[in-house]
Amino acid sequence: MTSSASVAAQPASSVPAASANGSNSVGVPPVAAAAAAGGAGPIIPRSKYKLVFLGDESVGKTSIITRFMYDTFDQTYKVTIGIDFVSKTMYLEDRIVRLQLWDTAGQERFRSLIPSYIRDSSVAVVVYDITNRASFLNTAQWIEDVRSERGNDVVIMLVANKTDMQDKRQVSTDEGEKLAKDSGVMFIETSAKAGFNVKALFRKLALALPGVEAAKTQPSAVDVKLKADQNTANGDQANGTRTGGPCAC
């Protein structure tokens, strides 16, 4: 059973982080499992990183997180109210990395909340919808907001989502790559609906995290194992369901 934290109007400092889960799971490297269980073996450094997801409304931020956490896609569009928080543990070859994923609302009325969540983040994931050119143009402002709060002390990933809707594409891959290059950020295209490149997105982020430089030099040697924390969100998004057919988020 998992749990979630949904925040509407509280400062980031007042939200308690979920406690670490030390239980073993299938597929976890033996060394990491032994360390988590408190048994013999080398001590694995445990690092905690905050990832904040930014972007306009309906670009698929929640769907990307849900696909990564539970490998599912919700056909019903649900508006994120305020801020939602989930966490997941990744086992790298030499460390345990705990990711805190903060899903922000894209609606204008919640914009005043977002800077406080950016302020202490390690990673900012800026998402746009390839079928919505306005959402792409607005990413420049989102990136600027991150830079104003964190300077260069943050990893920024620009994500072009909804590649399953090629027939409605309004933003080319080249345009996304150029914006990322000009802004000095990373870039990837994804489809939360099809599951395309979602795991690759988080692998890229894991290898770019501070303190994982050694892993970055040998990416082919890194065995990434994922385990959703038992005390992590189970997709109970704050409501505001909108009907009108499937959303290719």
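This briefing describes the fold, two enclosed strands, a helix pair and several single residues of one protein chain. The model is predicted. The protein chain has 8 helices and 10 strands. Of its 249 residues, 49% are buried. Taking contacts between residues at least 6 apart in sequence, 78% join residues at least 24 apart.

**Strand E5 and its hairpin with E4**

- Strand E5 covers residues 96–104, and 9 of its 9 residues are buried, so the strand is largely enclosed by the rest of the structure.
- One side of E5 carries Ile96, Arg98, Gln100, Trp102 and Thr104, and the other carries Val97, Leu99, Leu101 and Asp103. Every one of these residues is buried, so both faces of the strand are covered, in keeping with the cut-off of under 20% relative accessible area for a buried residue.
- Strand E4 (residues 83–91) runs antiparallel to E5, and 9 bridges join the two.
- Within this pairing, Met90 has Val97 of E5 as its bridge partner.
- E4 and E5 form a hairpin, with 4 residues between the strands.

**Strand E6 and its pairing with E7**

- In strand E6, 7 of the 7 residues are buried, so this strand too is largely enclosed by the rest of the structure.
- Val123, Val125, Val127 and Asp129 lie on one side of E6, with Ala124, Val126 and Tyr128 on the other. Both faces are covered, and all of these residues are buried.
- E6 and E7 run parallel and are joined by 7 bridges.
- Asp129 stands opposite Asn161 of E7.

**Helix H6: a buried side and an exposed side**

- Gly176, Leu179 and Ala180 are buried in helix H6, which spans residues 173–183. They cover an arc of only 100° around the axis, which puts them on the same side of H6.
- The face turned away from that buried side carries Asp174, Lys178, Lys181 and Asp182, which are exposed.
- The buried residues of H6 pack against three strands and two helices, named here in chain order: strand E6 (123–129), helix H4 (133–137), helix H5 (139–150), strand E7 (155–161) and strand E8 (186–189).
- Gly184, just after H6, takes a positive phi of about 70°.

**Glu175 in H6**

- Glu175 is placed in helix H6. Its relative accessibility is 27%, so Glu175 counts as partly exposed.
- Leaving out residues up to four places away in sequence, Glu175 touches Arg133, Phe136 and Gln170.
- Glu175 and Phe136 are 39 residues apart along the chain, and their C-alpha atoms are separated by 9.4 Å.

**Helices H2 and H7**

- Two packed helices are described by the angle between their axes and the distance between the axes.
- The axes of helix H2 (residues 61–70) and helix H7 (residues 198–208) come within 9 Å and cross at roughly 90°. That crossing makes H2 roughly perpendicular to H7.
- On the H2 side of the contact are Ile64, Arg67 and Phe68, which meet Val198, Leu201 and Phe202 of H7. The residues of this contact divide into 5 nonpolar, no polar and 1 charged.
- Lys199 also lies in H7. At 49% relative accessibility, Lys199 counts as partly exposed.
- The C-alpha atoms of Lys199 and Phe68 are separated by 6.5 Å, although the two residues are 131 residues apart along the chain.

**Positive phi outside glycine**

- Most residues other than glycine have a negative phi.
- Asp71 is not a glycine, yet has a positive phi of about 55°. Asp71 is found in the loop between H2 and strand E3 (77–78). With 51% relative accessibility, Asp71 counts as exposed.
- Asn197 is not a glycine either, and has a positive phi of about 65°. Asn197 is placed in the loop between E8 and H7. With 26% relative accessibility, Asn197 counts as partly exposed.

Terms used. Residues are numbered from 1 along each chain as its sequence is written. This is a predicted model: local features need pLDDT of at least 70, side-chain atom pairs count only at pLDDT 80 or more; totals for chains, interfaces and linings use all residues. Side-chain values use heavy atoms; hydrogens and water are left out. Buried means under 20% relative accessible area, exposed over 50%, partly exposed in between (1.4 Å probe, protein chains only). Two strands pair if DSSP finds at least two bridges between them. Axes are lines fitted to C-alpha atoms, for helices over the stretch in contact, and angles run from 0 to 180 degrees between N-to-C directions. Angles under 35 degrees count as roughly parallel, over 145 as roughly antiparallel, 65 to 115 as roughly perpendicular and the rest as oblique. Contact means heavy atoms within 4.5 Å. Ala, Val, Leu, Ile, Met, Phe, Trp, Tyr, Cys and Pro count as nonpolar, Asp, Glu, Lys and Arg as charged, and the others, Gly among them, as polar. The arc is that of the directions from the helix axis to the C-beta atoms.
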